[in-house]
Amino acid sequence: MKTVHVREAEFAVLDEGDGPPVLFVHGFPLDHSMWRGQTAFFSRTHRVVAPDLRGFGRSGGTRDVVEMSDLADDLAGLLDELDVTEPVVYCGLSMGGYVAWPFVERHADRLRALIVCDSRAAADTDEGRANRAKMAKSVLANGPEAAVEAMIPKLFADRTRSTQPSVVNGLRKVMLASEPRAIAAALGGMANRPDSTSLLPDIDVPTLYLCGEHDEITPPDEMAAMAEATPNATFVQIDGMGHMTPLEDPAATNAAIRSFLADLD
Ligand code: MLT
């Protein structure tokens, strides 16, 4: 991992391989390690850049609220610091997908193609916002344990929980190690994010939407509709998997991404 100074904070970032750059942006409340099945595979053919977002993993810079647009600007700054001048393939999961929308709006010149995994363009409902506020309060007062245990069943398909306990426990450890203040800051930013649905018809780069068949958080029907609304988009469902498709089934995820990347050349 490298340490890079961007916008008054220190960021930890995995930067490996040579070739066209692919930027992997993790979900909440995780770190770059959720992409290990992809970074190991694609670093053979591409330059893979997988940071810990502001406040998560080994990156600093937490604030009281971190907006999705702050995270998009951090990523652009990080690419500058790493001298990645070529447009990137942006690949984000869930919260990493929420960050894709301001990245598209604010840093379009840096974008070669877009991969959105298990995410949505719509904003939170009022109920969703209220739940995030409740979660932030609980995490700040009592630590992340209760919130993490409530999230785990929603992140993975039943099959993954019964057949891959080490994957589930590994992610649980990452979530429990997240700083309460960073968790609360991201919850605030996700609650504040605007509806980006109207952006989809204007996306002018090839786009891949990927979703686990049993994703309860961002269901496949909703992602298929996003693909319909995006001019040059493909939708791929990963059978039998939940919200954490890249971790649950790296082989199927990598096959879908590899085929998408091959079509770019
Ligand atoms: C994520 O996986 O990043 C979160 O589930 C996103 C969210 O809470 O909306």
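The questions and answers below go through a sheet, its helices and some buried residues in a predicted model.

Residues are numbered from 1 along each chain as its sequence is written, and side-chain values use heavy atoms, with hydrogens and water left out. Because the model is predicted, local features need pLDDT of at least 70 and side-chain atom pairs count only at pLDDT 80 or more, while totals for chains, interfaces and linings use all residues.

Me: In what order do the 8 strands stand in the open sheet?
Reply: Strands (E, at least two residues) and helices (H or I, at least four) are DSSP runs, numbered from the N terminus. Two strands pair if DSSP finds at least two bridges between them. The pairing in this open sheet is mixed, and the order is 1-2-4-3-5-6-7-8.

Me: Which strands stand at the edges of the sheet?
Reply: An edge strand here has a single partner strand, so one side of it is left without a neighbour in the sheet. That applies to strand 1 (2-6) and strand 8 (233-238).

Me: Which residue is the bridge partner of Leu-23 in strand 5?
Reply: Strand 3 (residues 21-25) and strand 5 (residues 88-93) run parallel and are joined by 4 bridges. The partner of Leu-23 in strand 5 is Tyr-90.

Me: At about what angle does helix 3 run to strand 5?
Reply: Axes are lines fitted to C-alpha atoms, for helices over the stretch in contact, and angles run from 0 to 180 degrees between N-to-C directions. Contact means heavy atoms within 4.5 Å. Helix 3 (residues 95-106) lies across strand 3, strand 5, strand 6 (111-117) and strand 7 (207-212), and its angle to strand 5 is about 140°.

Me: How many residues are in the largest nonpolar core?
Reply: A nonpolar core is a set of buried Ala, Val, Leu, Ile, Met, Phe, Trp, Tyr and Cys residues joined through side-chain atoms within 4.5 Å. Buried means under 20% relative accessible area, exposed over 50% and partly exposed in between (1.4 Å probe, protein chains only). Among the members that touch the most others are Tyr-90, Trp-101 and Tyr-209, and the number of residues in this core is 86.

Me: How many residues of strand 7 are buried?
Reply: Thr-207, Tyr-209 and Cys-211 are buried on one side of strand 7, and Leu-208, Leu-210 and Gly-212 on the other. Strand 7 pairs in the parallel sense with strand 6 over 4 bridges, and 6 bridges join strand 7 to strand 8, also parallel. The buried count for strand 7 is 6 of 6.

Me: How wide an arc do the buried residues of helix 7 cover around the axis?
Reply: In helix 7 (residues 165-177), the buried residues are Val-167, Val-168, Leu-171, Val-174 and Met-175. They lie on the same side of helix 7 because the arc, taken from the directions from the helix axis to the C-beta atoms, is limited. On the other side, Ser-166, Lys-173 and Ala-177 are exposed. The arc is only 125°.

Me: Which helices do the buried residues of helix 7 pack against?
Reply: Helix 7 has 13 residues and reaches 18 Å from its first C-alpha to its last. Its buried residues pack against helix 5 (145-155), helix 6 (158-163), helix 8 (180-192) and helix 10 (245-248).

Me: What is the relative accessible area of Glu-248?
Reply: Glu-248 is found in helix 10. Its contacts, not counting residues up to four places away in sequence, include Leu-155, Thr-160, Gln-164 and His-243. Glu-248 is buried, with a relative accessible area of 3%.

Methods:
Expected span 1.5 Å × (residues − 1).
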